[in-house]
Amino acid sequence: MCDQSINICCVAETWFTSDIDNNFTYIPGYNILCCDRNSSNSMKKAGGSVCIYFREHFNFIQLSIVDSEYYEILWSHYIWDNMNYIVVAVYIPLDVFYYNELVEHIIEGFQALHKQYSEAKVILCGDFNQFDMSVITNWCNITELTHENTRGNLQLDKIFSSDELVFDTVEMLQLTVNSDHLGILCKRAVVSKFVYFRDQ
């Protein structure tokens, strides 16, 4: 990530748990936020989880605007070039059975964000599997920035934003980690890079 000058990296399916030593997740030059899989947010013991790596000089915080204990969702806020940004990392299992509850939860989170950070640009990314995002995109007024397949002939990994011009380029990225998904690399003209990928 340092070689590619990545400022923010969101990862889905990290398989991180609270039992994993912090040294295992540490990457020099970065700080990390994690949402580990537990008995509250999944009936499965293995898999899942999301995390966000920020460059160590970034001013960022984890947000608790809504209670996300029961979902694998991580809400964060950072400031770049005097602009407020919200990054939301999500993992939605293929066999999700709580569609309505999760849609309501994400919409509630966006409504809370708008009240607290009305001028912020919001970036929502993750492994959505085949989850129908149409209700969320309409209610939250976000636009999908990705339109290419990320695993075989399936488009499972996506990035949405409240500002469709937040990035200058969005491209698929062949990963060097053990994953059968492609990563997504987003770039801004000011040489700020944002990358999302699924780890497993």
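Let's start at a turn: Asn82 is exposed, with a relative accessible area of 76%. This residue sits in the loop between E5 and E6, and the model we are looking at is a predicted one. Asp81 has its place in the loop between E5 and E6 too, but counts as partly exposed, at 48% relative accessibility. Most residues other than glycine have a negative phi. Here Asp81 has a positive value, and so does Asn82.

| Residue | Phi | Relative accessible area |
|---|---|---|
| Asp81 | near 55 degrees | 48% |
| Asn82 | near 65 degrees | 76% |

What does this loop connect? Strand E5 covers residues 73–80 and strand E6 residues 83–91; the two run antiparallel and are joined by 8 bridges. One of the pairings links Ile79 with Asn84 in E6.

Both strands belong to an open sheet of 6 strands with mixed pairing, in the order E4-E5-E6-E7-E9-E8. E4 (59–62) and E8 (143–144) stand at its edges with a single partner strand each, so one side of each has no neighbour in the sheet. Across E5, E6 and strand E7 (121–127) lies helix H2, residues 99–116, which runs at about 20 degrees to E5.

Now for the whole chain, which has 3 helices and 12 strands. Of its 200 residues, 52% are buried. Among contacts between residues at least 6 apart in sequence, 61% join residues at least 24 apart. The accessible surface comes to about 10200 Å², with 47% of it belonging to carbon and sulfur atoms.

Notes:
Residues numbered from 1 in each chain as written. Predicted model: local features only at pLDDT ≥ 70, side-chain atom pairs only at ≥ 80, totals over all residues. Heavy atoms only, no water. Pairing = 2+ DSSP bridges. Helix = DSSP H or I, 4+ residues; strand = E, 2+ residues; numbered from the N terminus. Contact = heavy atoms within 4.5 Å. Axes fitted to C-alpha atoms, helices over the stretch in contact; angles between N-to-C directions. Buried < 20%, exposed > 50% of the residue type's maximum accessible area, 1.4 Å probe, protein only. Areas by Shrake-Rupley, 256 points an atom, 1.4 Å probe, with all protein chains shown as cover.
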